[in-house]
Structures are given as structure tokens and as C-alpha cells.
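Colleague: Before we discuss this model, could you put it in front of us?

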Amino acid sequence: MRWLLVGGVLATSAAVAAVALLAPKDAAGPADQNSSDRMTLVVDDGGFVATLRESTAAVWSNGAAPLDVGGRVGSGELRLGAGRADLVLDSGVRIVVEGPADLAIESADSAFLRSGKVAVYVPQHAIGFTLTTPTSTLVDQGTEFGVVADDSGATEVHVFRGQVDLVYPADGDNGQTPRHSLTDRQAWRVAEAGTRGAGVEFSPATFRGLADQIVEPILWSTAKGGNGHYYQIVVHEAPLTWQQAALDAYNRYHKGLPGHLLTVTSEEEHRFVVNRLIGDRPLPSAWMGITDVLREGYFRWVTGEPVEYECWAVAPLKQPDNYIERQGHGGEDYGMYTSLAGAPWAWNDLSNDSIHQTVWVSLVEYEPTSEDRRDCSIASEPIGWTRDLGGDGQHYRLVMSLQPLSWDEAAERASETSLLGVAGQLAAFETEAERDFVVDTILKVCGVAENFVGLRGESPDEPRWVTGAPLAFDPHTTPNIPTDRVYGQMRWLDGAWRLQTVPWERRPAGWFGYLVEYPAPGSGERGEGS
């Protein structure tokens, strides 16, 4: 029996005919359009052999409804009119297709590209995967490669990494099958069936961002002087902020190793990133894991490692420059790899809301760590409120959370930290002098506009600090919003830092900060605690 996938629904050919008879005349399209023109995918008796991993603006065969992401795909012809589709064959092979393309999935180990453009990743256990075109037969030996077949069938193959063998028809004299092997950064073109073709210039730009969709993490081997970490370029579906890229990296794993935005701690690591990871990919820029958002001018790695090596760009402008693009703009706080005006790859600082540039790409590093990754946060160094500054020896730090949290969750995380043997708590400003110290030394030089503090209450009229102390000075409250419970935050409002009470139901939409305080060792806690 032959199965047809129409609009993402499997049916027999008889059922398809019945659907066509029942459908309105306009839905069937032109009178000479037959049922095979309308179907998204033809599935043979071989059963399902792949899964649709992702799709981006995919338009399937003459406007037919797309197969749902996560849907199973059988052997047969796949027509993509526009957009992209990321397929994972049951063998582990990934094929990213860019429309317009006509691809037939023959099995979990083979496919036929009639026309269009694809990028392919073949893991080691799937070596031998075969992709044929009207003019070529390509047998993969465990690699990443791209293929483009034009309407005449002429084929180009570009090997991003690994080895692909071009297999020619068997020699009639000795029965052997001639092969031509292509390895890293080699490319070949076969214009007509039965010819050997010739080498062409390797060009990832031929595939635009398609090549980056199938890039797997690469190892900086200790045998080659590396650190044993894996590195990966991630091309996102849309521009994203640095915080979004950092959270995405924290949620990635490879071979059981957790990810984070790239950190670069030596010249050797920088050269590896530029030569092996970035190479000559047509990337304008990519987020990396360095920021001074917690304290202007004091850059930190997302891992907490000290910034002892730097590779800031020096041309066309010396970086970092904290460039203020327009009035009211807070400057630039986030690190990225870039090649400014054709200069060598180096670091630049950028803002999330730059009007000059958006970033679609992030660089991710995977490494062993014993750190608890669940909090997805970055903390500043503690700053002491010493007695000569009017304080009592307490310390304060700002923590930036990359994921939304409730006030209770932030309070719990603050209490799980310690400094000099003393547990932390959300900051409680029992005096205006204490608040002013934190504003002057931490908030005025940070780029985090919304920060939880240790203030809460059952109504806006009687909030209390987590120490049990009452609020001794009036906060800036949000008027005309009835609420039963509130919490406190320091927020940048109307050109100044203000203590604000916020309805309990309101949560930060994305990344934000919270202020943690640590009493002086031996002084005891100031109150009842959180």
C-alpha cells in the first residue's frame, strides 16, 4: 500500500482522492494540478526513517501545510518551496535543507538530491551515508559537508570538516569503483553525469548560514596542546540579546558536559577559536562570555575565571570603548568576537539595543565543572561598607540572573551563598545612608536596571525588611494598583535609582538582578533573617 502525507496527515491514496473530491474548488488549485503536486511528502512502504527537528519559514510543495516539528517522516520525496527544514535520520545523520529544494529520502542511510541546497552532518557511527544527485554519488566518511545541485543536475560539494568520497561508475576493465576523496576545506564540481568534474574554490559563503546549522562541537584536544574542551558555533533563528545567548548556552550539553558562552584565557585558545572554530565563515560577529554589566570597566567571564588574557580590537577603533550611541543610551557592556572593517578577528563591546548591529550567532564552550548550573547567574565581587565610610563592615554584591525568578527564589539563592563564613540575604537598607552607599558603589556603575532587595509586605502600607526592621523612608510606589502583597526592588526610574514596592504578582520579564548583603563576621545577623 502506498501512503501519502497531505498537510501533515497520513492517509491512503484512496482517502486523498476522497479529500480532493470533498474540498472546495479553490482549495484544489488549478484544474490541471494533480494530487501529487499538492502533497507535502510521499511515503513508501518502508516506514518512517527520519524526524523533522526544526523548520524555519518552511513553505512545503505548492503551499501545502508543513509537517509539524517533531513529526516522523517516511522514505519518499520531500519538496521544500522556501525556508529551511532540519531533518534527523534514524541513523543519526542530520540534513538541513534550504528551499527551493527537491530531496528524496531513500532510507536512514541514503538520500537523493534532485535539486537545491543541503548541509549534512554524519556522525562516526553513520559513516557510509550516501547522497546522490543527477550527476554524482557522494559517500561520507564521517564529516560535515554541503551540496548544491542546480536545475540541470550539476553538483558542487564543499567539505567543511572530515572526508567525503566521490564515487564514479565501475571501471569496465577491472570492475573496481574509482573514488576521489575530498577532505577539510576542499570543494569539487561535477557538471555532467559520467564526468569526473574538477576542483573549485572552497566557499562556505555558498551556503550562507546553512553550513552553520549542522556544525557540531569540535574538540581542542589535550594531545594537541588544548584543554580538552569542546567548542561550537550556534546560529540562532533571530537576533538575540547577550543574556538570551548566555542562558541558551547554559542550557546546552554535549557528551554530558555543560555549556557556557565562550571564555578565552590564552593566546593559544584565541588562535584555536579563530582558526578552527570561526575559520573563514561569513559571520559578522558572535556573542562570547565576557561582560562588564555588573560594574563598568571591570570585565568578568561568565564562569568566574579571572580576565588575565585580553584580545580587544585596536582597529578601526580601540576597544572596549563603551560607546554611547544616543542620548539616554547606557553604553556597551557585552563582549563579542568580530572582524571590524576587515581587521583580524578580535573582541568588541556592544549593547543589547544597538541601532548599528544585531547579533544572531553565539560561541559556546563545553567543559567539565562541579559548579551547580541551575542558577544561571553571574555575581560581582563583594564590596565592603567599611567603618571609615560610615558602615559596619558589611559586604554587598550584585547578582545578575539570566532566567526569570520570583522574589522568594531570589531570597533562597541569596541565603545559599556565604562570605567569610557568613550566610547572605537579600539586601536590607535600614537607613538611607546604607541605601546611598549601595547606589553609589554598585548601582551607579552597573547596567542592570531592575534589582530585587529584601523588602516585602502584606500591603503597600507596611512593608518590612527581611531583617524585621520597618521601612524608615518612603519608597517610590506604583500608584493606583490595588494589591495584597508587595516586594521591593531598586529600579532605574526617571533618571535616578529609586526604592520601589511592586505588586507580588509582577515578575521580571527576563534577566534582572538581585542585591545580596553579608553581615560583618562575628557581628551576628542584623535581624530575623530571610
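Colleague: What percentage of the residues of the chain count as buried?

Modeller: This is a predicted model, in which local features need pLDDT of at least 70 and side-chain atom pairs count only at pLDDT 80 or more, while totals for chains, interfaces and linings use all residues. Residues are numbered from 1 along each chain as its sequence is written, and side-chain values use heavy atoms, with hydrogens and water left out. Buried means under 20% relative accessible area, exposed over 50%, and partly exposed in between (1.4 Å probe, protein chains only). Of the 530 residues of the chain, the share that counts as buried is 51%.

Colleague: Which helix gives the most residues to the largest nonpolar core?

Modeller: A nonpolar core is a set of buried Ala, Val, Leu, Ile, Met, Phe, Trp, Tyr and Cys residues joined through side-chain atoms within 4.5 Å. The largest has 64 residues, and Trp242, Tyr514 and Leu515 have the most contacts inside it. Helices (H or I, at least four residues) and strands (E, at least two) are DSSP runs, numbered from the N terminus. With six residues in this core, the element that gives the most is helix 3 (residues 242–250).

Colleague: How many residues does the other core have?

Modeller: This core lies apart from the largest one, and its members include Leu87, Ile95, Ala101 and Ala111. Its residue count is 38.

Colleague: How many helices and strands does the chain have?

Modeller: The secondary structure of the chain, taken as a whole, includes 37 strands. The helices number six.

Colleague: Is cysteine 376 buried or exposed?

Modeller: The relative accessibility of cysteine 376 is 3%. Because of that value, cysteine 376 counts as buried.
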